[in-house]
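Trainee: Could you take me through the nonpolar core of this one, and what packs around it? I'd like one connected tour rather than a list.

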Amino acid sequence: MKRNAYILSLTLVFLAVFGAAAFASDGSDAQQNAPPVQADAMRRAKRVALIPLIDRTGGWLSQSGAERLMARMDRELHIPLNETMHWVDFLSEDEAAAALNEAMAAQGKKAKPELAARDAAQKLDADLMLFLVVEHIHQFIYHSFGWEGEMTIESSARLVVYGYDARHDRLIKAPAWRFERTTYHPAYEAEELAMEALDEALREAHAKDAIFPLSDEKTEISPQKDTAIQSQGKEDKK
């Protein structure tokens, strides 16, 4: 009985020691095999300042028309899953507008909006600053002369997308305009032309290049491409 008790005691001790060693080994292996901390967890979210529409049409642009234009600006910078992933922080519109107004005032009477956008972006540490200025809208609808008495429309829209792309140190100034004088159709109304012009201006602005790809450009852009971007930035400064 004493021998059996002794063997049982040794067995229990062996199992306890072996189990502890196995646990320590598993923990060490698990720690070694654990995935590395993702770079995204330490990345800096892009900072974007989208300023509300600036209307210089003297009342020709309706509130609904302004809302449609701003909705189009919002779609241009839409980031899928951004509320979950937090790739981009959209700065306060009021704060961004105040910074732009301050930068414009500092330039004086001959202020250039694209230069003011750069100064405001640097003050806010923004990767992208973007805003739309609607310069002109007009629309006349009248009966043409003749037996048929067709309705004729004359309409036009002119606007500019301004901004600053900090990633490439690039000033943004993309004007666009539309004009029609033809038989009336809703598609030729001035605010519809403004929407078309905005699509063109946004294509020319390449605003998405300031935030896409969302990862750090230092790890994504090859040395040759990085050199090309720097050269382009120097040309833009000229």
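Mentor: Here's the core, then the helices packed around it, then a few odd spots in the backbone.

Keep in mind that this is a predicted model. The protein has eight helices and six strands, and from the N terminus they run α-β-β-α-α-β-α-α-β-β-β-α-α-α. Of its 238 residues, 33% are buried. Take the contacts between residues at least 6 apart in sequence: 68% of them join residues at least 24 apart.

Now the part you asked about. The largest nonpolar core holds 36 residues, and Leu69, Leu132 and Val161 touch the most other members. At least two residues each come from β1 (46-50), α2 (63-76), β4 (128-143), β5 (151-165), β6 (170-183) and α6 (190-205). Helix α6 gives the largest share, with nine residues. As a bit of background, nonpolar side chains in soluble globular proteins tend to be buried together.

Let's zoom in on Leu69. Leaving out residues up to four places away in sequence, Leu69 touches Leu53, Leu61, Leu132, Val134, Ala194, Met195 and Leu198. Apart from this core there's another one, of 19 residues, including Ala99, Ala120, Phe131 and Val133.

Leu69 also turns up where α2 meets α6. From α2, the contact takes in Ser64, Gly65, Arg68, Leu69, Arg72, Met73 and Glu76; facing them from α6 are Glu191, Glu192, Ala194, Met195, Leu198, Asp199 and Leu202. By class, that's six nonpolar, two polar and six charged residues. The two axes are 10 Å apart, at an angle of about 20°, so α2 counts as roughly parallel to α6. The crossing of α2 and α6 is right-handed.

Over to Ala99 and Ala120, the pair I named from the other core. Both are in the contact between α4 and α5. Helix α4 (residues 93-107) and helix α5 (residues 113-124) have axes that come within 8 Å and cross at roughly 125°. That angle makes α4 oblique to α5, and this crossing is right-handed. On the α4 side you'll find Glu95, Ala96, Ala99, Leu100, Glu102, Ala103, Met104 and Gln107, while α5 brings Pro113, Leu115, Ala116, Ala117, Asp119, Ala120, Lys123 and Leu124. The classes here are 11 nonpolar, one polar and four charged.

One residue worth clicking on is Ile54, in strand β2 (residues 54-55). Not counting residues up to four places away in sequence, Ile54 touches Leu100, Phe131, Leu132, Val133 and Val134. Among those partners, Leu132 is in the largest core, while Phe131 and Val133 are in the other one. The C-alpha atoms of Ile54 and Leu132 are 6.2 Å apart, though 78 residues separate the two along the chain. Ile54 itself has 26% relative accessibility, so it counts as partly exposed.

Finally, the backbone oddities. Phe212 and Pro213 are joined by a cis peptide bond, with omega about -5°, and Pro213 is in the loop between α6 and α7 (217-220). Asp125, in the loop between α5 and β4, has a positive phi near 55° without being a glycine. Asp169 does likewise, with phi about 50°, in the loop between β5 and β6. Asp125 is partly exposed, at 47% relative accessible area, and Asp169 is partly exposed too, at 26%.

How values were computed:
Residues numbered from 1 in each chain as written. Predicted model: local features only at pLDDT ≥ 70, side-chain atom pairs only at ≥ 80, totals over all residues. Heavy atoms only, no water. Core = buried A, V, L, I, M, F, W, Y, C linked by side-chain atoms within 4.5 Å. Buried < 20%, exposed > 50% of the residue type's maximum accessible area, 1.4 Å probe, protein only. Helix = DSSP H or I, 4+ residues; strand = E, 2+ residues; numbered from the N terminus. Contact = heavy atoms within 4.5 Å. Axes fitted to C-alpha atoms, helices over the stretch in contact; angles between N-to-C directions. Parallel < 35°, antiparallel > 145°, perpendicular 65-115°, else oblique. Left-handed = near helix turned anticlockwise from the far one by under 90°. Nonpolar A, V, L, I, M, F, W, Y, C, P; charged D, E, K, R; others polar.
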